[in-house]
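The following exchange examines one protein model through questions and answers.

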Amino acid sequence: TTELVAAFDTPNGTQRDLLHQMLLWKSDPQAIPGLRTLVTASQLPEVRVQALCTLDGLSTQGGLDGLEDALLLQASEDNHFAVRRHAIRLAEPRLAMSEPLARRLVEMTRDEDAQVRLQVAYSLGALGTAESGGDLARMAAATSDPNLLAALHSSLHEKNVIEAIKVSLSSGSQSAAWLDPLLATAGSIGNPEFFSDALRPLVAATEQGYQPWQFSTVATLFDRVAGRRAASSRTLDAETQRALDALIKAAEQLALAAETQGDIRLAAMRLLGSSASPASRPTLAKLLAPRYGTAVQIAAARGLVNAATPAENTAQALLAGWSSHTPALRAEVLDLLLTRAEWSSVLLDAVEAKQVQASHLNAHRRQQLTRHKDTAIRDRAAKLLSSDANTDRRQVIDSYGAVATLDGDPDRGKLNFTKHCSTCHRWQGSGHAIGPDLAALTDKSIGAMLTAVLDPNRAVEDKFLEYVAITQAGRQYTGMIQSETANRITLVGPDEKVATILRTELDEFRTSGKSLMPEGMEKELKPQDLADVFAYLRSSLPAAKPKQFPGNEPQVAPMRDDGSIRLLAMHAQIFGPSLVFEPKYRNLGWWSSPQDHAVWQVRVPHAREYRVTLDYACANSAAGDRFVISVAGQSLRGVVQGSGSWDDYRSMSLGSLRLPAGLHEVTMRSDGAIGSALMDLRSIRLSPQ
């Protein structure tokens with residue numbers, strides 16, 4: 001045994017590992033003195049570490065008293081970081097019983113080596129004392145390293161978390177990366193009295209009054225105890241309850257004050273939504289008004305939902321100002337209403353009453369309602385959303401059926417386009433680019449083009465809705481929303497007339513519910529006139545041929561055994577100035593021009609409904625562009641969501657299409673301008689329903 005220990009002092013790691021194994025097998029007490037000497041006297045730090053770990057193995061596996069506190073203390077002061085780190089790791093079982101080791105652990109919170117501090121963070125939880133929470137908080141205040149913060153969070157427990165909160169607040173460490181998980185730990189402990197102890201240091205006013213971090217941190221704590229919120233709040237002592245009420249009152253005042261800065265307002269609103277105080281609901285409802293920025297309005301909508309305990313009138317409050325809601329707020333409200341069956345029912349009431357147009361619900365949201373688990377909602381949705389076309393408009397479109405049989409004259413069409421269409425549409429360098437991109441229209445059937453012109457409100461997108469803004473001075477502006485910020489809204493009307501209105505000047509802001517493009521174009525353009533316009537638009541398009549790339553072999557998309565059809569990038573016809581097929585990744589990439597588009601041929605054996613899913617990648621920094629997929633006179637639109645990076649692929653479900661039997665062309669293009677790049681597309685999947 002002594003010869004084995006003597007051979008342990010070597011730089012040969014393979015030899016040390018074999019000796020380590022043999023010494024554990026032998027479990028001979030004679031090995032202990034020599035190993036202890038190696039821990040303190042070997043010139044090789046790797047030998048000192050492994051000798052220490054061998055002694056630990058003899059203690060835990062062989063039942064021998066190989067380690068002692070004095071040796072661990074000496075190793076914790078070693079000049080090599082790895083020896084110090086392992087000394088602390090091995091000392092964990094002894095910390096609660098050894099005051100010298102516990103004191104040494106606290107001293108090592110300021111160790112110069114990051115690896116040692118990481119191990120200290122892991123080991124502090126083993127102390128089992130309230131004071132360790134203060135040590136954790138002080139280490140958190142001195143770092144922004146996510147790995148160290150994660151280690152510190154792992155050492156939180158019921159005994160030390162309250163002290164960690166107190167010291168964090170007094171040391172100024174209010175970063176969300178530390179406080180949010182800290183409060184999550186506090187909130188996960190089910191003792192109601194513990195909730196009161198955790199809340200008390202958060203709600204006290206400071207010398208400078210209430211700080212924004214207080215609203216956020218108290219909201220986080222409420223969020224973490226949502227399931228026990230009512231029971232917890234009843235256990236608050238009178239002093240803590242008064243302090244909490246004062247904090248909520250201050251949040252209400254800041255949320256409504258015109259001079260409050262955006263971040264502070266959002267922090268105050270977060271508390272109002274999380275506190276479940278019925279008194280906060282009127283304040284949140286007021287913040288849905290258009291004089292506040294979209295971020296504030298969306299936060300107010302979410303707050304109303306979070307504060308819905310009970311949930312009566314929440315849906316009505318969200319829908320009350322529907323006509324003045326901007327597209328972003330409408331989308332948020334619809335998604336919130338679809339989270340509960342009772343709210344979905346209220347939404348259908350609004351659709352039935354024409355407060356909300358059926359066209360305001362995109363294909364995905366319609367599908368959520370028509371496939372709802374609640375039979376009553378499902379049946380109502382099928383009835384209300386099945387056909388929302390205006391009967392008069394349908395008759396007008398039918399009366400123009402002859403357009404498909406007429407020969408159009410492009411020259412006359414250009415004159416009519418300039419006279420009647422160029423105020424909102426740009427084509428071949430002429431007109432104003434306000435309405436939808438016409439390049440996406442010209443590859444559709446005559447019937448689809450007639451519907452777009454003669455019934456523009458059938459499926460108008462939110463971004464093309466007409467809004468009316470009336471200022472407190474009585475001036476009225478009309479147009480589509482071109483842009484909006486926290487302070488102002490910019491409308492653009494025909495001929496690209498732009499009006500910018502400060503939100504504080506708004507007296508009324510609402511949408512007509514209709515497209516900026518007016519109904520009644522049949523009064524200006526007869527069937528032959530429209531045939532001429534369509535001929536002009538189509539004749540102006542170059543006779544494009546698909547580009548060719550190695551590995552790109554256009555063909556009819558293959559059908560799988562399960563009946564699904566895969567539209568692979570390698571089988572697409574590729575058009576446009578920048579779109580390419582990348583053989584290495586087998587995807588369509590560099591999709592950066594509105595003229596870029598891809599076309600697939602699909603053969604449908606018999607009429608049926610298909611669910612459409614994309615397989616794509618998009619860096620988070622490039623996300624947000626819109627796209628449209630068209631086939632058989634139908635379209636599905638979507639917004640590109642970030643997948644992380646260009647190497648991270650994800651799936652996106654767009655909704656469903658019902659395709660008739662036969663051969664069809666599926667076209668995918670951007671729906672408007674592209675910021676940098678639309679996406680890297682690997683495939684489109686059509687799954688039978």
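The discussion turns to one helix and then to a pair of helices.

Author: This is a predicted model, in which local features need pLDDT of at least 70, side-chain atom pairs count only at pLDDT 80 or more, and totals for chains, interfaces and linings use all residues. Residues are numbered from 1 along each chain as its sequence is written, and side-chain values use heavy atoms, with hydrogens and water left out.

Reader: Over what arc around the axis do the buried residues of H26 lie?

Author: Helices are DSSP runs of H or I with at least four residues, and strands are runs of E with at least two, numbered from the N terminus. In H26 (residues 410–421), Gly413, Asn416, Phe417, His420 and Cys421 are buried, where buried means under 20% relative accessible area, exposed over 50% and partly exposed in between (1.4 Å probe, protein chains only). They are on the same side of H26 because the arc they cover, taken from the directions from the helix axis to the C-beta atoms, is only 105 degrees.

Reader: Which exposed residues does the opposite face of H26 carry?

Author: This face is turned away from the buried side of H26. Its exposed residues are Asp411, Leu415 and Lys419.

Reader: How are H9 and H10 oriented to each other?

Author: The axes of H9 (residues 131–141) and H10 (residues 146–154) come within 10 Å and cross at roughly 170 degrees. Axes are lines fitted to C-alpha atoms over the stretch in contact (heavy atoms within 4.5 Å), with angles from 0 to 180 degrees between N-to-C directions. Angles under 35 degrees count as roughly parallel, over 145 as roughly antiparallel, 65 to 115 as roughly perpendicular and the rest as oblique. H9 and H10 are therefore roughly antiparallel.
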